[in-house]
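Here are a few short exercises to work through with the model open beside you. Try each task before reading its solution.

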Amino acid sequence: MRDAVTSLIENYDLKGRYLDRDALDTLKSYFSTGVSRVQAAAVINSNAAGIVRQAGSRLFEEVPELIRPGGNAYTTRRYAACLRDMDYYLRYASYALVAGNTNLLDERVLEGLRETYNSLGVPIGPTVRGIQILKEMVAAQVAEAGITDTGFLDQPFDYMIRELSETSL
Ligand SMILES: CCC1=C(C)/C(=C/C2=NC(=C\c3[nH]c(/C=C4\NC(=O)[C@H](C)[C@H]4CC)c(C)c3CCC(=O)O)/C(CCC(=O)O)=C2C)NC1=O
């Protein structure tokens with residue numbers, strides 16, 4: 001599992017090079033957003049249950065077939081599994097925000113996920129929509145908390161969306 005700093009150092013070490021101007025700019029930009037990243041993670045952390053619940057309700061309003069007989073989130077067990085998955089996406093996004101790197105999403109979340117979803121008939125399109133809703137809700141809550149330096153906020157959500165959507169046809 002890598003973060004913004006360890007991945008940069010690893011790259012430079014592989015080439016046996018000192019940190020040059022590009023590296024220092026990257027580090028400066030990471031550290032200058034550090035406090036906001038931690039604040040955003042704190043906002044997510046203290047509202048996680050509500051965010052997941054509301055995001056789920058919004059998803060099921062938009063795609064009601066999911067919770068009707070024959071839908072993949074139909075039955076209490078599968079409904080709960082769906083919300084649990086949303087909670088995974090939110091929690092790992094909060095880690096990735098602090099790490100400033102998406103490597104942990106590859107290692108802990110996305111690896112093998114498409115295959116699992118395909119074998120269980122979990123539809124990718126609505127899952128992607130669920131992650132989008134999480135992203136929108138987090139953006140709103142972080143803004144409401146008065147955190148303004150938030151250019152980094154969408155990255156982990158967009159990364160999961162892109163990786164899950166890829167080859168989904
Ligand atoms: C931390 C990394 C991690 C992830 C991401 C993860 C996902 C994950 N979701 C699963 C199931 C599931 N995932 C869903 C999710 C949904 N169904 C829908 O219709 C919606 C679109 C969607 C919710 C947004 C459902 C319903 C199941 C149960 C499917 C079944 O057992 O039939 C399973 C199969 C095993 C299980 O049920 O626990 C895994 C591994 N597990 C992990 O350890």
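**Exercises on an annotated site and a core**

Cys82 makes contacts with Phe60 and Ala73, leaving aside residues up to four places away in sequence. Keep in mind that this is a predicted model.

**Exercise 1.** Find which residues the UniProt annotation "binding site" covers, and where they sit relative to the largest pocket.

*Solution.* Start with the record: the unreviewed UniProt entry places its "binding site" annotation on Asn72, Arg77 and Cys82. Next, look at the pocket: Asn72, Arg77 and Cys82 from this set are part of the lining of the largest pocket. Then place them on the fold: Arg77 is in helix α4, residues 76–99, and Cys82 lies in helix α4 too.

**Exercise 2.** Decide whether Arg77 counts as buried or exposed.

*Solution.* Take its relative accessibility, which is 61%. The cut-off for exposed is over 50%. Arg77 therefore counts as exposed.

**Exercise 3.** Work out which residues touch the most other members of the largest nonpolar core, and which element gives the largest share.

*Solution.* The core holds 45 residues, and Tyr89, Leu90, Leu105 and Met160 touch the most other members. Now list the elements that give two or more residues: α3 (34–62), α4, α5 (103–110), α6 (113–120), α7 (124–144) and α8 (155–165). The largest share, 10 residues, comes from α4.

**Exercise 4.** List what Leu90 touches, not counting residues up to four places away in sequence.

*Solution.* Go through the contacts in sequence order: Leu90 touches Ile44, Ala48, Ile51 and Val52, then Leu134, Val138 and Phe157.

Definitions and conventions:
Residues are numbered from 1 along each chain as its sequence is written. This is a predicted model: local features need pLDDT of at least 70, side-chain atom pairs count only at pLDDT 80 or more; totals for chains, interfaces and linings use all residues. Side-chain values use heavy atoms; hydrogens and water are left out. UniProt positions are given in the numbering used here, feature names are shortened, and annotations may be inferred rather than shown by experiment. On a 1 Å grid over the protein atoms alone, a cavity is a set of points where a 1.4 Å probe fits but cannot get out, and a pocket is an open set with protein on both sides within 12 Å along at least five of seven lines; lining residues have an atom within 4 Å of a point. Helices (H or I, at least four residues) and strands (E, at least two) are DSSP runs, numbered from the N terminus. Buried means under 20% relative accessible area, exposed over 50%, partly exposed in between (1.4 Å probe, protein chains only). Contact means heavy atoms within 4.5 Å. A nonpolar core is a set of buried Ala, Val, Leu, Ile, Met, Phe, Trp, Tyr and Cys residues joined through side-chain atoms within 4.5 Å.
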